[in-house]
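User: Can you walk me through this one? I'd like helix packing to start with, then backbone oddities.
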Amino acid sequence: MASYDYDDSRANYDDPRHAAVPSPAGQDIGYDPNFVPDSVKSFVVHLYRHIREKNVYETHQMYETSFQSLSDRLFKDTPWPSVDAVAHFVDNDHVFCLLYREMWFRHLYARLSPTLKQRIDSWDNYCSLFQVVLHGVVNMQLPNQWLWDMVDEFVYQFQSFCQYRAKMKNKTEQEISLLRQFDQAWNVYGVLNYLQAFVEKSSIIHILEEEKEGLEQFTATDGYDYSGGSSNVLKVLGYFSMVGLLRVHCLLGDYHTGLKCLLPIDISQQGVFTSVIGSHITTIYHYGFANLMLRRYVDAIHEFNRILLYIYKTKQYHQKSPQYEHILKKNEQMYALLAICVSLCPQVKLVDETVNSQLREKYGEKMIRMQRYDEEAFAIYDELFSYACPKFITPSAPSFEEPLVNYNQDAYRLQLKLFLYEVKQQQLLSGVRTFLKVYSTISLGQLAIYMEVDESTLRTILLTYKHKTHAVDSVGKIMSNADVDFYIDDDIIHVVESKPVNRYGDFFLRQIVKLEGLINDLDRVKLD
Amino acid sequence: MGRELQKQPQQEMASAVEQLLAVNPYNPDILPDLENYVNEQVSSETYSLDANLCLLRLYQFEPERMSTQIVARILVKALMAMPAPDFSLCLFLIPERVQMEDQFKTLIILSHYLETGKFRQFWDEAAKNRHIVEAVPGFEQAIQAYAVHVLSLTYQKVPRSVLAEAINIEGLSLDKFLEHQVANSGWILEKGHGKGQLIVIPPNEFNHPELKKKSSDSIPLDHITRIFPILG
């Protein structure tokens with residue numbers, strides 16, 4: 001086990017915005033759920049009005065900025081006023097109240113520590129809200145940021161619930177009886193089926209296909225829809241739910257299915273998922289992680305490299321955003337994952353210079369030790385994996401039989417063990433690689449002497465090298481991940497160094513699109 | 001993987017299950033259908049990773065419904081899908097305490113030998129555990145196909161003895177096997193210098209790297225389509 005403390009009981013959850021110091025269930029003595037300060041009254045009244053007027057810009061401002069600053073100012077360690085206390089300011093609007101409660105719980109989870117009852121209530125609120133959206137009676141335009149946060153928070157609260165439930169040892173009798181009574185709350189089938197229902201009801205997969213043929217607009221309008229009385233809510237929730245499904249499947253260890261859920265989104269291009277930084281990062285983080293576990297290192301390196309470069313260039317613009325800490329945390333985790341990928345598959349050429357120098361700065365020394373494949377090297381793989389992996393969950397309900405046992409680490413231990421097993425299987429490959437790099441041809445016998453193994457063992461190592469460096473892609477095609485490759489003619493090994501491929505074509509295509517965008521922007525500028 | 005000739009009801013079952021997966025993958029009620037489908041895959045020598053992962057997922061959600069016999073069959077089928085990483089994909093979903101059972105330990109060892117090119121040890125171990133692997137028709141052939149796959153990534157010319165060890169066929173049977181490969185897959189037999197036969201494996205981009213398409217020379221069409229509106 002790594003020295004890194006995986007257990008999330010203290011440094012709470014997946015991301016730092018949830019890393020508040022838990023105060024006892026948030027029920028501070030000074031908190032009166034019915035007291036509504038004027039600024040809150042004004043906030044809900046304005047937010048309600050902007051939503052009704054479909055003013056996405058103002059809605060977004062209030063959602064992103066005002067909510068945050070009010071929280072910082074008035075509700076640092078207490079919940080917001082209860083929904084009942086604000087309902088009459090907003091005509092008791094059913095949907096608005098559901099949205100308000102969604103934010104109310106999100107704030108509670110981020111700053112305080114929810115009780116079991118609150119977890120269950122939050123689940124109920126999601127059910128009510130999602131039912132309304134799925135039945136198509138919503139006609140709002142909500143900002144993408146908000147819709148993304150909804151999906152993100154829904155999955156996060158599910159993950160948090162599973163972790164919480166798995167710690168059975170210290171549960172009170174009351175908690176246990178609540179868990180038994182509300183066994184449908186955060187049930188894994190329920191969670192998956194809501195996400196799946198959004199994908200299906202929104203016909204988002206069809207819309208994305210139509211868009212490829214120019215029959216639909218989705219990406220170009222960032223998912224917003226201003227025609228007639230229509231709403232972007234279901235469509236965009238459907239879209240983000242595909243990312244949500246990827247994440248849930250990764251949490252369950254089902255990487256193949258996770259990637260399949262993401263397939264309708266072309267991550268090589270800009271899309272609605274890149275319009276919200278949190279969604280962009282979550283998508284690529286899980287995509288990369290799943291590919292790492294599937295041994296498709298080159299795919300993982302490609303995407304990690306791209307997003308790390310993007311974060312490097314743009315993070316200054318997010319400094320004031322409530323997501324900033326989350327961005328930094330994921331950034332660090334992805335560097336750790338990149339360090340793992342590049343150690344197993346030294347395709348440094350695929351990594352941009354800027355990213356590479358950051359990588360060396362952070363993990364250069366560790367990466368050298370990772371090449372050694374001794375106990376210390378395994379400990380580093382263990383440490384980086386444990387630091388950077390998703391917070392795996394066990395989705396099944398606990399056994400309520402005595403003695404009550406904790407099982408919150410089971411899923412993580414299994415994934416770690418299998419990952420390290422893979423690393424061990426590859427342990428002799430870096431040795432072969434070193435020799436292959438310095439010869440253009442060498443006989444099996446000679447190499448066997450250098451590597452201090454017999455010839456038939458060497459043959460198995462070379463087969464392993466070939467097998468491990470040639471991954472099977474999603475359609476069953478063999479893809480080479482090898483930086484140094486070879487072939488054997490009888491008993492002579494011929495080495496082939498892969499040359500760096502400059503993708504001029506891709507570069508030009510990108511620049512053409514960029515230039516066109518620039519010209520369009522210039523055309524729109526009216527000079528007096 | 002599938003055989004050319006399938007009987008009608010099998011096809012119906014396959015498409016019925018595919019339908020279930022497409023419409024309602026997160027539904028506990030489809031568990032018995034998926035279990036039947038695993039047995040069906042075994043007897044008809046077909047394979048569906050998606051269906052099997054879906055079943056393992058349902059077991060993960062409701063461990064009390066798990067049948068270890070079915071899990072074992074899924075794992076054997078996953079071994080037969082090498083070089084694809086299906087075996088690991090399945091293990092990721094099977095709780096550790098289940099993996100501790102003897103039959104699974106054996107399968108994990110078998111997988112380890114295949115992953116690390118140790119075919120001699122693999123065939124020895126498989127011989128000791130006939131009851132597990134012989135329950136699934138086509139097992140030997142599938143592993144032999146994997147062995148041939150790795151050999152053809154690696155060798156231009158492979159010594160007969162190395163091939164024999166990897167596919168576990170010797171003597172007259174090997175002659176027959178080679179005859180078949182020469183006739184159908186373009187293998188060529190060559191006299192080695194003094195120490196037995198050499199088999200020339202047909203060139204592919206992995207054992208003849210010069211055949212590899214220069215990816216820098218080509219741009220996929222869907223990238224070009226990005227600039228169609230601009231060009232137009």
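Analyst: One definition before the helices. Axes are lines fitted to C-alpha atoms, for helices over the stretch in contact, and angles run from 0 to 180 degrees between N-to-C directions. Also note that this is a predicted model.

User: Fine. At what angle do H6 and H8 of chain A cross?
Analyst: Roughly 165°. H6(A) covers residues 144-166 and H8(A) covers residues 188-201. Their axes come within 11 Å.

User: And is that parallel or antiparallel?
Analyst: Angles over 145 degrees count as roughly antiparallel, so H6(A) and H8(A) are roughly antiparallel to each other. The crossing of H6(A) past H8(A) is left-handed.

User: Which residues of H6(A) and H8(A) meet?
Analyst: From H6(A), Val151(A), Phe154(A), Val155(A) and Phe158(A). They meet Val188(A), Val191(A), Tyr194(A) and Leu195(A) of H8(A). By class, that contact has eight nonpolar residues, no polar ones and no charged ones.

User: OK, same chain. What's the angle between H12 and H14?
Analyst: About 20° for H12(A), residues 277-293, against H14(A), residues 324-344. The axes are 11 Å apart. Under 35 degrees counts as roughly parallel, so H12(A) and H14(A) get that label. H12(A) passes H14(A) in a left-handed crossing.

User: Who makes the contact?
Analyst: H12(A) brings Ile277(A), Ile281(A), Thr282(A), Tyr285(A), Phe289(A) and Leu292(A). H14(A) brings His326(A), Ile327(A), Lys330(A), Gln333(A), Met334(A), Leu337(A), Ile340(A) and Cys341(A). The class split for H12(A) with H14(A) is 10 nonpolar, three polar and one charged.

User: Switching to chain B. How many helices and strands?
Analyst: Chain B has 14 helices and three strands. Of its 232 residues, 51% are buried. Its accessible surface is about 11,100 Å², and carbon and sulfur atoms hold 53% of that.

User: What share of the chain B contacts is long-range, say 24 or more positions apart?
Analyst: 56%, counting contacts in chain B with a separation of 6 or more.

User: Got a helix pair there? How do H11(B) and H12(B) cross?
Analyst: At roughly 100°, with axes that come within 11 Å. H11(B) is residues 160-167 and H12(B) is residues 171-185. The range 65 to 115 degrees counts as roughly perpendicular, so this pair is roughly perpendicular.

User: What's in that contact?
Analyst: On the H11(B) side, Arg160(B), Leu163(B), Ala164(B) and Ile167(B). On the H12(B) side, Gly171(B), Leu174(B), Asp175(B), Phe177(B) and Leu178(B). Those residues of H11(B) and H12(B) divide into six nonpolar, one polar and two charged.

User: Now the backbone. Which peptide bond is cis in chain B?
Analyst: The bond from Met82(B) to Pro83(B), with omega near 10°. Pro83(B) sits in the loop between H4 (68-80) and H5 (86-91) of chain B.

User: Why flag that?
Analyst: Because most peptide bonds are trans. Most residues other than glycine also have a negative phi.

User: Then which residue in chain A has a positive phi without being a glycine?
Analyst: Asp91(A), with phi of about 55°. Asp91(A) lies in the loop between H3 (83-86) and H4 (94-111) of chain A.

User: Buried or exposed?
Analyst: Asp91(A) counts as exposed, at 54% relative accessibility; the cut-off is over 50%.

User: What about Glu45(B)?
Analyst: Glu45(B) is not a glycine either, and has a positive phi of about 55°. Glu45(B) is in the loop between H2 (31-44) and H3 (49-61) of chain B. Its relative accessibility is 22%, so Glu45(B) counts as partly exposed.

Definitions and conventions: Residues numbered from 1 in each chain as written. Chains lettered and ligands numbered in written order. Predicted model: local features only at pLDDT ≥ 70, side-chain atom pairs only at ≥ 80, totals over all residues. Heavy atoms only, no water. Helix = DSSP H or I, 4+ residues; strand = E, 2+ residues; numbered from the N terminus. Left-handed = near helix turned anticlockwise from the far one by under 90°. Contact = heavy atoms within 4.5 Å. Nonpolar A, V, L, I, M, F, W, Y, C, P; charged D, E, K, R; others polar. Buried < 20%, exposed > 50% of the residue type's maximum accessible area, 1.4 Å probe, protein only. Areas by Shrake-Rupley, 256 points an atom, 1.4 Å probe, with all protein chains shown as cover.
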